[in-house]
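Visitor: I am new to this structure. Please take a close look at one part, the core, and at what is packed beside it.

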Amino acid sequence: MTRLASANELAEVRERMLAGGNGSRPTISVCGGTGCRVYGSEQVWGAFRQELEAQGANLLLEYDIKVTGCHGFCEKGPLVVIRPQGILYTHVRVQDVPEIVRETILGGRVVERLLYHDPQTGAPIEQEEEVPFYKNQLRLILNLNGQIDPFQIDEYIAAGGYAALARVLAEMTPEQVIAEVRAAGLRGRGGAGFSTATKWELCRRNVLATGSGYIVCNADEGDPGAYMDRSIMEGNPHRVLEGMIIGAYAMGAHQGFVYIRNEYPLAVRHLQRAIDQAREYGLLGKDILGSPFDFNLSIKLGSGAFVCGEETALIASIEGRIGEPRPRPPFPAQSGLWGKPTNINNVKSWSSVPLILANGAGWYASIGTPTSKGTMIFSVVGRINNTGLVEVPMGISLRDLIYRIGGGIPGGRTFKAAQIGGPSGGCIPAEHLDVPVDYESLTSLGAIVGSGGLVVADETTCMVDFARYFMTFTQQESCGKCVPCRIGTRAMLATLERICAGQGQPGDIDYLIELGADIKRSSLCGLGQTAPNPVLSTIRYFRDEYEAHIFDKRCPAGVCKALITYEIDPEKCTGCQLCLRNCTSNAIHGEKKQPHFIDPEVCSRCGICISLCKFDAISVH
Amino acid sequence: MEISISEIHEILTQAAANEESLIAALEEIQARYRYLPAEALILASETLGVPLSQAYSVATFYHAFSLKPKGKHCMHVCMGTACHVRGSPQVLERLESKLGIHAGETTHDHLFTLETVNCLGACALGPIVVTDGEYSGQMTVSKVDTLLKRLMRAEKEAANDQTGISE
């Protein structure tokens, strides 16, 4: 690859790619996201190469076979999309590949059994874009994820990539870039929702005053149940880089870092490859695209500490120390990495920047609500039919998100709550399903947009146990520097554990509310300031469940072990002895071919018998 | 696994001698030995010019580091929210009772280390167990049993092969 010395040379790469048929050639794209890889998508990709070669002499030359980034519809993986027809095949196995090549590639016919079928009507849907999961989304950041090979910078360029950077460097002053981002109304996508342009402006002012500064991409995605940042970096790493280079230009920074979790090896690999390629093209380094602007970027691996998502803790970690936050002010924009002005933005925020500069602030600001602009990516997980990554305009109703895109709740069960914002967030119960998903509306209900984790709970989820789960998480992740968080989360967790163990006392609920309010008010950083949210919001909407645990010694969802018993229905039990043989506590008794029974005194409620029983004979009371 | 001082020294001298290189250098040593031997911390402190107390605090603060040797097979149970609501606590409990250790511990024969991880970001597959980098999705208690049986059988065969050779 040769250095691109001007915007024109970048445009030439694009024209060359398009003339060579990139984007218009027949393509088989196989999803290479982590989920689909686990399902075996790499083998599927290999099988396509083999079959094309076996079934037709020139097929391999006619077709592009790509492993792309995550398509988002993880529930149905491995996913394969055949273009230009736009046919989506789901759950594709190696043994399905010969049929796809014979029928679809050679015969022009659709393999119906591999299509997505509407769960209500059972009707097959042929086109990817007609599948409700995709149809109701607005994929601006994720749009190229299923289309381009993330290892090929040329494919990103062919799709219009780096054109925004070229225009910025050739035609705009840094002030104009910041003004554009301000007019677009972009707010930080990492959780707090602070105005991106305001942060940039403050940083730029300090960089000008002190002569140097840094920018950082916060890719320490530690929120359990959220994985969109990883998917962006795996599927389209160049858009993150383009956003960062534009931001560096706007703020006058010449060095940047991507702070990324080392639990994401694939994302690290893709990002490193993207940085190398951008450097070869001169999109990083000296005199970018022939302009006088220099910028370098390197990767810093996080070592697995949730608190490092907090800006000042992240800075300490990059500097080589333990990730303990420090009081603000001074803000990182004033004194950050090595005491220099530093701007930190989330992966999604950086990825939004090229879109704004390419399409204009007016276009971006037309999407969303008056105060929350653009799109937001949620990872919709838990008790939901269509687990996956969805990108929607800000302001969409939670109901649409869960039912129209998420496909509702599996197994005929009912929606109980959506937990949004992970360990810092809160629950939205069924009565607020029509709430518009934006920063202000969610906050008013006690949840937050946060980093976009959305976990769906149904009636089999115990909300006290759910709160206990999040408190266990934050308590373990508390760095221990400030007392309210270190000791307060421990005290809250101990109370929740007691309640789940059937030893709740009158007054526990009020104690949790009071202590939670104190921790929020007095903790040093965002981790502690938001740690009580999952507890407070479950008390707010599901106080009856707490009361059932404390006063009736009952777990309505049948989850908390100390409060439930297992029973075998003698009508359904065939006496097959499978549960009896596998019971770890020898609590199951009964003769062969006779109904069995469980001794509640001995039973450890491990759930093995339920998971093994073929006759659905064991139930929880 | 044998600890090689010269190898640790080599990793450390490739890093710039400052505080900033500490975490990356320890990550490399951890990747090599799957734990941080005491010697490595002392050497890191001397070579990079940071106090030993800081090397120790970093090594104990971040989850990626371990001061104890790991077993031959590392099993990670995802405890992310999606896996939790889909039943990962039962999966973990079964592994704990079958292996006779708690999460974070290694079996006496040094064959298995059992650990939990916060989120692997493959939520559609939950609950997930990762064994030596190999993902097993939609785990249940009985699938745990099958997985362990397979691992134990492979171990037994490997042990038999070894005795075969030595005989």
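Guide: What follows starts with the core, goes on to a pair of helices and a strand, and ends with the contact between two chains.

This is a predicted model, in which local features need pLDDT of at least 70 and side-chain atom pairs count only at pLDDT 80 or more, while totals for chains, interfaces and linings use all residues. Residues are numbered from 1 along each chain as its sequence is written, and chains are lettered from A and ligands numbered from 1 in the order in which they are written.

A nonpolar core is a set of buried Ala, Val, Leu, Ile, Met, Phe, Trp, Tyr and Cys residues joined through C-beta atoms within 7 Å. Buried means 20 or more other C-beta atoms within 10 Å of a residue's own, exposed means 12 or fewer, and partly exposed lies in between, with C-beta atoms placed from the backbone. The largest such core holds 239 residues, and Ile245(A), Ile246(A), Leu401(A) and Ala44(B) have the most contacts inside it. Helix H12 of chain A (residues 237-251) gives the most to this core, nine residues. Helices (H or I, at least four residues) and strands (E, at least two) are DSSP runs, numbered from the N terminus.

Leaving aside residues up to four places away in sequence, Ile246(A) touches Ala164(A), Leu165(A), Val168(A), Val177(A), Val353(A), Pro354(A) and Leu357(A). Touching, or contact, means C-beta atoms, placed from the backbone, within 7 Å. Val353(A) and Leu357(A) belong to H15(A), where, together with Ile356(A), they meet Glu180(A), Val181(A) and Ala184(A) of H9(A). The residues of this contact divide into five nonpolar, no polar and one charged. H9(A) (residues 174-184) and H15(A) (residues 347-359) pack at about 100°, with axes 10 Å apart. Axes are lines fitted to C-alpha atoms, for helices over the stretch in contact, and angles run from 0 to 180 degrees between N-to-C directions. H9(A) and H15(A) are therefore roughly perpendicular, a term for angles of 65 to 115 degrees.

Next comes a strand. Five of the six residues of S15(A) (residues 453-458) are buried, so the strand is largely enclosed by the rest of the structure. S15(A) pairs with S11(A) (residues 375-382) in the parallel sense over four bridges; pairing requires at least two DSSP bridges. Val381(A) has Val455(A) as its bridge partner in S15(A). S13(A) (residues 415-420) runs antiparallel to S15(A), joined by five bridges, and Phe415(A) has Asp458(A) as its partner there.

Finally, 38 residues of chain B are in contact with 42 residues of chain A.

Definitions and conventions
Two residues are in contact if their C-beta atoms, placed from the backbone, lie within 7 Å. Angles under 35 degrees count as roughly parallel, over 145 as roughly antiparallel, 65 to 115 as roughly perpendicular and the rest as oblique. Ala, Val, Leu, Ile, Met, Phe, Trp, Tyr, Cys and Pro count as nonpolar, Asp, Glu, Lys and Arg as charged, and the others, Gly among them, as polar.
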